Amino acid sequence: MSELPSAVDVVVVGGGNAAFCAALSAAEHGVSVLVLERAPEDESGGNSRFTAGAFRCVYDGVDDLQALMPDLTEQEISVTDFGTYTEEKFFDDMGRVTEYRTDPDLCELLVTRSRDTMRWMRGKGVRFAPIYGRQAYKIDGRFKFWGGLTVEAWGGGPGLVDALTASARKNGIQVVYEARATALIADDDGVKGVRVRHQGKTREIAAKAVVLASGGFQSNTEMRTRYLGPNWELAKIRGTRFNTGDGIKMALDIGAMPTGNWSGSHAVGWDRNAPEFGDLAVGDNFQKHSYPWGIMINADGERFVDEGADFRNYTYAKYGRVILMQPGQFAWQVFDAKIIPMLRDEYRIKRVTKVRADTLEELVQKLEDVNADKALATIMDYNAAVMTDVPFDPNVKDGRGTKGLAIPKTNWANTVDTPPFEAYAVTCGITFTFGGLKVDTSAQVMDTDGQVIPGLCAAGELVGGIFYFNYPGGTGLMSGAVFGRIAGSSAGAQAAAKK
């Protein structure tokens, strides 16, 4: 087991994507780097290990993608329409889904540095692959990507963490597990190190600079309820049990400025009977994200949201909150035989809360804790309102909606009338919290007087101001990588200057 040094140039608190990008970036300045991971090695990697590994990045065409994925074959390229994802589109998506509250300076860094940061990660040994399984449908023999999300880490989240860990070790970075940073050592001149609990003992490590990259506070029931509000103690945690807000609290204790959407979070539809915290054996497969093609019904037997308001990428991170606010904090997603073959892979796992029936009358009786009569009436009213003259197309916002319903369905409105029928029970699964620390464009943490705290940088989910209300899928890992790289470079430069 690694021993803790008494002093090091740069300490990185955290062990996920943002933390390792910071560590690798700091090491480029010729300084010694220590990564403190609170979790044991088999649970390490923070939320990154629990993700599917998708990165939302700018690309102007297949050449940009080949730079990231040199093993793309000519055959794959010939049968795939990868499209483009321009800086303008990324800016538009970030603005629209955050209701134009995203910090413009940080958003600009996220967007304009996304492509170069992906290439930098590739150079550090991280492999990428096209997201054929979840982001492309085959139409007339060609795969067509949609929603601006095309690239994922090889091996998903676990593959990403393993690749980053291997790269860190190759670059001489020390990684210590079960090492929980509990406080920053700071004085009037800034941050001088960290206090760490390791192997039952508390020690101090002197450092010339510290990077905080230890995630949000979603696994802390008390903080979640205090900041997000009533009922949030009832949400399931999608990812790691170790993201309890320690990094945020340590920084606030020395005067850091809190900023961003402290009552907001990334929260999705998640299996109603999933465990309280993420399970690495299942990963992100408790999520249930094919709801745009079906309908969702609550305990009162009613629809409560426009399931087809936009592509899944742009609604899934806010609909968890909507489900949490329903009676009993759950809903059922309902599909018929036309759609069942299109359901994402996560619907086919063994650990799933699912019912199946050959008639709608039988199905609604099987929907646990639901007003069956009202549910049947809701489905019948919905079927009658579907604009069946408009063709269904899952690759675009097809305009196939409903007419005359109090809660419309804007796109992909398919009648639920072809047996067999299936329904899946979901609750709210929280991924990460949006509120956090204020940083400048060098990822240096600011204090409540608006001044930089010398020697302290931050990256990843504990940075506030980037996401509000919602987020475009794949932006979390991209943000962690972009700001991790910037934070590490700032910390490495500060440490090198003090040598």
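**Note on the predicted chain**

1. In the hairpin formed by β21 and β22, five residues lie between the strands, and G450 takes a positive phi near 85°. The two strands of this hairpin run antiparallel and are joined by two bridges. Across that pairing, Q444 stands opposite C457 in β22. The model discussed here is a predicted one.

2. Strand β22 covers residues 452-458 and is mostly covered, with five of its seven residues buried. Besides β21, a further partner is β12 (residues 201-212), which pairs with β22 in the parallel sense over three bridges. Within that pairing V210 is found opposite L456 of β22. Strand β22 therefore has an antiparallel pairing with β21 and a parallel one with β12.

3. Helix α10 (residues 246-253) belongs with the same strands. Its buried residues are D246, G247, I248, M250 and A251. These buried residues pack against β10 (179-187), β12, β20 (436-437) and β22. Just after the helix, G255 takes a positive phi of about 100°.

4. N220 sits in the loop between β12 and α9 (221-228). Its relative accessibility is 14%, so N220 counts as buried, the cut-off being under 20%. Once neighbours within four places in sequence are set aside, N220 is in contact with N243, T244 and K249. Of these, K249 falls inside the residue range of α10, 246-253.

5. As for the chain as a whole, there are 14 helices and 22 strands. The radius of gyration is 23 Å, close to the 23 Å that the globule rule gives for 499 residues, so the chain is as compact as a globular protein of that length. The C-alpha trace spans about 75 × 50 × 40 Å along its principal axes. Buried residues make up 60% of the 499. Of the contacts with a separation of 6 or more, 75% are between residues 24 or more positions apart.

6. On the surface, the chain exposes about 18,500 Å², and carbon and sulfur atoms supply 48% of that area. The chain carries 54 positive and 63 negative charges, and the mean positions of the two sets are 3 Å apart.

7. Strand β17 (residues 331-335) has five of its five residues buried. A331, Q333 and F335 point one way from the strand, while W332 and V334 point the other way, and all are buried. In a regular strand the side chains alternate between the two faces of the sheet. Both sets of side chains in β17 are thus assigned to buried residues.

8. The pairing of β17 involves β16 and β19. With β16 (295-297) the pairing is antiparallel over three bridges, and I297 stands opposite W332. With β19 (residues 421-433) β17 also runs antiparallel, here through five bridges. The bridge partner of A331 in β19 is V426.

9. E302 lies in the loop that leads from β16 to α11 (312-324). With a relative accessible area of 34%, E302 is partly exposed. Not counting residues up to four places away in sequence, E302 touches M296, I297, K374 and T378. I297 is also the residue that stands opposite W332 in β17. E302 and A372 are 70 residues apart in sequence, and their C-alpha atoms are 10.0 Å apart in space.

10. One open sheet of three strands has the order β3-β8-β5 and antiparallel pairing. The edges are β3 (54-55) and β5 (128-130), each with a single partner strand, so one side of each is left without a neighbour in the sheet. Three bridges link β5 to β8 (residues 151-153) in the antiparallel sense, with P130 opposite V151.

11. Another open sheet of three strands runs in the order β4-β7-β6, and its pairing is mixed. Its edge strands, β4 (80-81) and β6 (136-139), each pair on one side only. The pairing of β6 with β7 (residues 142-145) is antiparallel over four bridges. In it, K138 stands opposite F143 of β7.

Terms used. Residues are numbered from 1 along each chain as its sequence is written. This is a predicted model: local features need pLDDT of at least 70, side-chain atom pairs count only at pLDDT 80 or more; totals for chains, interfaces and linings use all residues. Side-chain values use heavy atoms; hydrogens and water are left out. The radius of gyration is taken over C-alpha atoms; the globule rule is 2.2 Å times the number of residues to the power 0.38. Buried means under 20% relative accessible area, exposed over 50%, partly exposed in between (1.4 Å probe, protein chains only). Contact means heavy atoms within 4.5 Å. Accessible areas come from the Shrake-Rupley method with a 1.4 Å probe; for residues, only the protein chains shown count as cover. Lys and Arg count as positive and Asp and Glu as negative; His and the chain ends are not counted. The place of a charge is taken as NZ of Lys, CZ of Arg, CG of Asp or CD of Glu. Two strands pair if DSSP finds at least two bridges between them.
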